[in-house]
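Colleague: I should be grateful for a close look at a single part of this model, beginning with enclosed space and following the residues around it outwards. Please give the cut-offs of each term as it arises.

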Amino acid sequence: MKSTSSLSLIAGVVALAAVTGFAALNVPDGSAPAEAKTSSRLPVERTSLLCPAPGLSDLSETAYTAYTPPNKGGGSGTAGTAELLASAKDGEKAHKPDEEDGKDEKGKGKKGAGKDKPVVSLKEPGTPATGKASGADSPALVGTATGRLAPGWTAQQTTTVEAGDGRGLLGIGCTVPDTDFWFPAASTAKTREDYVHLTNPDDTAAVADIELYGPEGSLKSDVGEGITVPAGSGVRVLISTLTSKAVDDVTVHVTTRAGRVGAAVRTADDTTGSDWLAASAEPAGTVVLPGIPADATSVRLVAFAPGDDDADLRIKLVGKSGTITPAGHEELHVKSNMTAALDLKDLTRGEAGSLMLVPADKNRATPVVAALRVVRGTGDKREVGYIPATGPVGARATVADNRAKGSVLSLTAPAAAGTVEVTASAGSGGGTPVSKTYKIPAGTTLAVTPPVPAGLKGTYALTVETRSGGPVHAARTLTEKVNGIEMFTVQTLTDDRGTVEVPAARQDLSVLDD
């Protein structure tokens, strides 16, 4: 039999492994333990998402869609919850139920007290859940998913504004809270009305700084420093109030000195409508901007080099048949801490594509951030959308709120060929999931009408999983015709980080019998 002291030692090592993720145990004869895996990937058990306040128009209608893909590895054993709740309105104190909130006049507990009704509540993986909001006063949403609903949890916010200066189809994937965001392609021009939206998911106030950079460098202002974002609330800042200079192309840098926030920029133009500008991927020497529509009538590239070095970039158009250098737009020089812009006009010429920026000198890769301002249509039927630089889909990426018609999925393999599996989920009101495999040759962009669930009712989600090769970058374009205008919005897809790497315990729990 095993001794009591040996069993106690085993229990202690197991506990240590559970807490620290690392433990080692030698057997009594002094021999070394057997080697084990150094780490493993496990499903996340909790994740947060933040959706910005939808807009400033009384004519707006906003649809929310939340989705968690089925986790084939099993995921967490707990059922979990996934809800998007209304935050306090901009600048107001967030409601936090206390003991009195949950009592009636006689001091007895009230049924359902102390819990706000969620705008969206997801019940199970594999089936989207939806919610709605309308008008200018709709607040930001704060959401948390736990248990088996956490790995890969995604939410989409899509707002339709049919008329006015802010008209458009405004789409954005709800964001994970962070401390650092870059937004090239904003503006303080007199024809623009761009707002930075900040949302705080936590129980304590966050403090943020907003810096602006134009073609000549920093647009100095003290007004953008020390912006307090109350707990569980959101604020929005009109960026033209942070500087006296009207500048067409501005890079916005949001950081926090306390706490964390979700950040997004809502743009509005007098002639081309409005849309959300999501944050660029982290600064990198090579960046990919996927999903330029085939019928784009104007494409404007905006880039920024946040370090001490200038960046010399070669511009590559990754199209259906291969990668080319656009004639007359071969390179872009980006000075350190200055915003550079280049009008690429009707770059795609009827063929969907993606843009890739690579170092002119491969031995001198200066990190940059970038975004595209894309216009479709002509005259008074022009409509704007934005494509930020984005990372690859990685193991898995999802975009929610797809409709039976109007969705286009762009898949780009800029360096090496890749194969992905695309799954259309069940619909929010019913339908059977459908999957299809796509092969993307190296140096090309494949634009497809994605699969649609059989018997679709409502909206559905698209999940892209890398099966081989790559990396593959992806974007979804959603189009809706309103009052004769082809309104559109583009969302990029990035790895959902549904799993996390956990160090494995180095342990050998074998002991000798007495």
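Modeller: The largest cavity holds about 50 Å³ of space. A cavity is here a set of points, on a 1 Å grid over the protein atoms alone, where a 1.4 Å probe fits but cannot get out, and a lining residue has an atom within 4 Å of a point. Grid points are joined across faces, edges and corners, and the volume is the space filled by probe spheres set on the points. Searching the whole structure with a threshold of 30 Å³ or more yields 1 cavity. The model is a predicted one, in which local features need pLDDT of at least 70 and side-chain atom pairs count only at pLDDT 80 or more, while totals for chains, interfaces and linings use all residues. Residues are numbered from 1 along each chain as its sequence is written, and side-chain values use heavy atoms, with hydrogens and water left out.

The wall of the largest cavity is formed by L50, C51, P52, I172, G173, C174, T175, H197, T199, G262, A263 and A264. At least two lining residues come from each of β2, β9, β11 (195–199) and β17 (262–269), and β17 contributes the most, with 3 residues. Strands (E, at least two residues) and helices (H or I, at least four) are DSSP runs, numbered from the N terminus. By class, this lining comprises 7 nonpolar, 5 polar and no charged residues. In that scheme Ala, Val, Leu, Ile, Met, Phe, Trp, Tyr, Cys and Pro are nonpolar, Asp, Glu, Lys and Arg are charged, and the others, Gly among them, are polar.

Two of the lining residues, C51 and C174, are joined to each other as a disulfide, with their sulfur atoms 2.0 Å apart. The criterion is a pair of cysteine sulfur atoms within 2.5 Å, and the whole structure contains 1 disulfide by this search. Since C51 belongs to strand β2 and C174 to the loop between β9 and β10, the pair ties together parts that are 123 residues apart in sequence. The torsion about the S-S bond of C51 and C174 is about 105°, so the disulfide is right-handed. Both C51 and C174 are buried; buried means under 20% relative accessible area, exposed over 50%, and partly exposed in between, with a 1.4 Å probe and protein chains only.

T175 also lines the largest cavity, and it leads on to the largest pocket. Of the 50 residues lining that pocket, T175, V176, T494, D495 and R497 lie nearest its centre. A pocket, unlike a cavity, is an open set of points with protein on both sides within 12 Å along at least five of seven lines. Its space amounts to about 1,400 Å³. Among the elements that give two or more residues to the pocket lining are β2 (46–51), β9 (168–173), β10 (180–186) and β37 (485–493). The pocket lining consists of 28 nonpolar, 15 polar and 7 charged residues.

R497, one of the residues nearest the pocket centre, is located in the loop between β37 and β38 (499–503). R497 has a positive phi of about 50° although it is not a glycine. With a relative accessible area of 67%, R497 is exposed.

Strand β10 contains W182, which leads to a group of rings: because W182 lies in β10 and Y213 in strand β12 (residues 206–214), their pair ties together parts that are 31 residues apart in sequence. The rings of W182 and Y213 are 6.5 Å centre to centre with 40° between the planes, a tilted pair. Rings of Phe, Tyr and Trp (its six-membered ring) pair if their centres lie within 6.5 Å; planes under 30 degrees apart count as stacked, over 60 as edge-to-face and the rest as tilted. The pair of Y213 and F304 is also tilted, because the centres are 4.8 Å apart and the planes are at 45°. F304 lies in strand β20 (residues 296–304), so its pair with Y213 in β12 ties together parts that are 91 residues apart in sequence. Ring pairs thus link W182, Y213 and F304 into a cluster. W182 and Y213 are both buried, Y213 with a relative accessible area of 10%, and F304 is buried at 0%.
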